[in-house]
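Biologist: I'm new to this structure and would like a close look at a single part of it. Could you walk me through the sheet and the helix that lies across it, and then what surrounds them?

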Amino acid sequence: MLIKRNVPVPDRVSKPGRWKEECLQMKVGKKNAVLLEGQTSRSNATRSMRQAAKSLGFKLKSQTMPEGVYLWREE
């Protein structure tokens with residue numbers, strides 16, 4: 001075993017997760033919606049998207065349709 005002293009701890013470098021990346025691309029407005037195909041308003045994908053938006057400081061509005069869930073970014 002080799003012991004070294006005075007080795008700095010690296011800064012934590014990470015990229016945002018899948019859902020945060022999606023949220024960062026969303027724009028405010030009724031014409032800008034994200035469709036989660038085949039999902040419901042209570043599905044894990046929808047909940048993950050809402051949690052990611054909340055951590056970024058904004059809210060999402062959702063509407064369940066036959067094709068899936070539409071999400072809009074609110075101010």
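Modeller: Here is a walk through the sheet, then the helices, then a few single residues. One thing to keep in mind from the start is that this is a predicted model.

Let's begin with the sheet. Three strands make an open sheet in the order E1-E3-E2, and the pairing is antiparallel. E1 and E2 stand at the edges with a single partner strand each, so one side of each has no neighbour in the sheet. On average, neighbouring strands here are turned by 25° against each other, if you ignore direction.

Now take the two pairings one at a time. Strand E1 covers residues 33-37 and strand E3 covers residues 68-74; they run antiparallel and five bridges join them. If you'd like to trace that pairing by eye, start with glutamate 37, whose bridge partner in E3 is glycine 68. Then find leucine 36, which stands opposite valine 69 in E3.

On to the other pairing. Strand E2, residues 59-65, is joined to E3 by seven bridges, again with the strands running antiparallel. E2 and E3 form a hairpin, with two residues between them. Here you can look for threonine 64, which sits opposite valine 69 in E3, and for glutamine 63, which faces tyrosine 70 in E3. Valine 69 is a handy landmark, then: leucine 36 stands opposite it, and so does threonine 64.

Next comes the helix you asked about. H2 lies across E1, E2 and E3, and runs at about 160° to E2. A good residue to look at in this helix is threonine 46. Is threonine 46 buried or exposed? Its relative accessibility is 0%, so threonine 46 counts as buried; the cut-off for that word is under 20%. Leaving aside residues up to four places away in sequence, threonine 46 touches Leu36, Gln39, Thr40, Ser41, Val69 and Leu71. You've already met two of those names in the sheet, since leucine 36 stands opposite valine 69 in E3.

H2 has a helix for company too. Two packed helices are described by the angle between their axes and the distance between the axes. For helix H1 (residues 18-25) and helix H2 (residues 44-56), the axes come within 8 Å and cross at roughly 65°. Angles of 65 to 115 degrees count as roughly perpendicular, and H1 and H2 are therefore roughly perpendicular to each other. The crossing of H1 past H2 is right-handed. On the H1 side, the contact is made by Trp19, Lys20, Glu22, Cys23 and Leu24. On the H2 side, it is made by Ala45, Ser48, Met49, Ala52, Ala53, Ser55 and Leu56. Sorted by class, that contact of H1 with H2 has eight nonpolar, two polar and two charged residues.

Let's stay with H1 for a moment, as arginine 18 lies in this helix. Arginine 18 has a relative accessibility of 60%, so it counts as exposed. To get a feel for distances, compare two C-alpha atoms: those of arginine 18 and glycine 38 are 20 residues apart along the chain and separated by 18 Å.

Follow the chain on and you reach lysine 27, in the loop between H1 and E1. Lysine 27 counts as exposed because its relative accessibility is 57%. Not counting residues up to four places away in sequence, lysine 27 touches Asn32 and Arg73. The C-alpha atoms of lysine 27 and serine 41 lie 20 Å apart, with those positions 14 residues apart along the chain counted as their separation.

Last, go back to the segment before H1, where you'll find asparagine 6. At 79% relative accessibility, asparagine 6 counts as exposed. What is the sign of phi at asparagine 6? Phi is near 60° there, a positive value in a residue other than glycine. Most residues other than glycine have a negative phi.

How values were computed: Residues are numbered from 1 along each chain as its sequence is written. This is a predicted model: local features need pLDDT of at least 70, side-chain atom pairs count only at pLDDT 80 or more; totals for chains, interfaces and linings use all residues. Side-chain values use heavy atoms; hydrogens and water are left out. Axes are lines fitted to C-alpha atoms, for helices over the stretch in contact, and angles run from 0 to 180 degrees between N-to-C directions. Helices (H or I, at least four residues) and strands (E, at least two) are DSSP runs, numbered from the N terminus. Angles under 35 degrees count as roughly parallel, over 145 as roughly antiparallel, 65 to 115 as roughly perpendicular and the rest as oblique. A crossing is left-handed if the near helix is turned anticlockwise from the far one by less than a right angle, and right-handed if clockwise. Contact means heavy atoms within 4.5 Å. Ala, Val, Leu, Ile, Met, Phe, Trp, Tyr, Cys and Pro count as nonpolar, Asp, Glu, Lys and Arg as charged, and the others, Gly among them, as polar. Two strands pair if DSSP finds at least two bridges between them. Buried means under 20% relative accessible area, exposed over 50%, partly exposed in between (1.4 Å probe, protein chains only).
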